[in-house]
Amino acid sequence: MARKEMIAMLLAGGEGKRLGVLTTDLAKPAVHFGGKYRIIDFALSNCAHSGIDTVGVLTQYQPLVLNRYLGIGSPWGLDRQDGGMSILPPHMKPKGGAWYEGTANAIYQNMDFIDSYDPEYVLIISGDHIYKMDYGQMLAAHKRTEADVTVAGIEVPWKEASRFGIMRTGEEGRITDFEEKPKLPSNNLASMGIYIFAWPVLRQFLIRDEGNRVSSHDFGKDVIPAMLNGGVKLCAYAFHGYWKDVGTIDSLWEANMDLIAERPPLDLFSRDWRIYSVNPNRPPQLIAPQAKISSSLVTEGCVIEGEVSRSVLSSGVHIGLDSIVVESVVMPNAKIGRGARLYRAIIGEGAAVGDGEQIGREGDETITVVASGERNNWGPELKEVKNL
């Protein structure tokens, strides 16, 4: 097997409890986003553009849909024999219990996979963030500073800082302090959960962490602080682009709304940095003469008879006659009945909102969610619309 300078390990086993009913039967990285994508598409597309051709995807919670979606990695150029994509479920232990016990333990369980490529560097990324990033530039910075570990960081609003690992840095970006999710953050430079490690250094600390009975086996809580205390050179890599952790209902809704802003902070239509995804062939949109659409992102295969404003619609969505959809995210194959009203809502894949039903209230800032497959006061089935 050919040696690789750097391989990527993509953590995609998150349960996504803060996304509530959207992840009851679905891994968080497989949640739909932006009309035609899933969240994991962004990290994989970044790998493709960054020239990373070997990716281990670590799955755990509700992996069936995610694994089927990933396939052999064709959309991201990872369908190859020399490297490519490898889906890595948890290893069965001799006494049972296959769950990963933390992000660091997940990598520890797959050290044999990493060793088989004998890489100089290992990139650790997450499958639940929305962003475009050239990991090659981060690697160049890692080499330039002669760091053992480089942590990608971004300044976040102070009110959100307690959700992240927070770093303090000194000269040349060297990390002097790291605190995971502090209640009273002293800084707002947040770890993006993107790390480049010198593999020999990471390997040593993974083995040490695994033997620590009081460790939670997490990078932010355990491994990074241990490295700081152990004199390892850690540097921050400042990222200045768009990045969104979509681990909550509010952040998922906000990220979708960002796509339809007057000046979108994330360009999904750039030919220079495409986001690749698995997209089935769909017919064009079917728009009724009486339909009204404004400031919205509408994917192919939608049938729209009502009014849609400042919303994101995925493929196969049917918006019924006289219905109104405002500032909402409607996921694939959802059906919105006649005369329904949606305000600041997220409608899960295959869900149905009945005739005359109201989801959310105009002027209310709360995001209302209808679970995938849920039938909300549904009456007669919507008939296929052939001639509008």
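**Exercises on a predicted chain**

Of the 388 residues in the chain, 54% are buried (under 20% relative accessible area, with a 1.4 Å probe and protein chains only). The model is predicted: local features need pLDDT of at least 70 and side-chain atom pairs pLDDT 80 or more, while totals for chains, interfaces and linings use all residues. Residues are numbered from 1 along each chain as its sequence is written, and side-chain values use heavy atoms, without hydrogens or water.

**Exercise 1.** State how many helices and strands the chain has, and judge its compactness.

Solution. Helices (H or I, at least four residues) and strands (E, at least two) are DSSP runs, numbered from the N terminus. The chain holds eight helices and 29 strands. Its radius of gyration (over C-alpha atoms) is 22 Å, close to the 21 Å from the globule rule (2.2 Å times the number of residues to the power 0.38), so the chain is as compact as a globular protein of 388 residues. The C-alpha trace spans about 65 × 45 × 45 Å along its principal axes.

**Exercise 2.** Trace the open sheet of five strands and find its edges.

Solution. Strands pair if DSSP finds at least two bridges between them. The order is β15-β18-β21-β24-β27, with parallel pairing. β15 (292–294) and β27 (358–359) are the edge strands, because each pairs on one side only.

**Exercise 3.** Describe how β15 pairs with β18.

Solution. β18 covers residues 307–309, and three bridges join β15 to β18 in the parallel sense. In one of the residue pairs, Lys 292 has Glu 307 of β18 as its bridge partner.

Conventions
Buried < 20%, exposed > 50% of the residue type's maximum accessible area, 1.4 Å probe, protein only.
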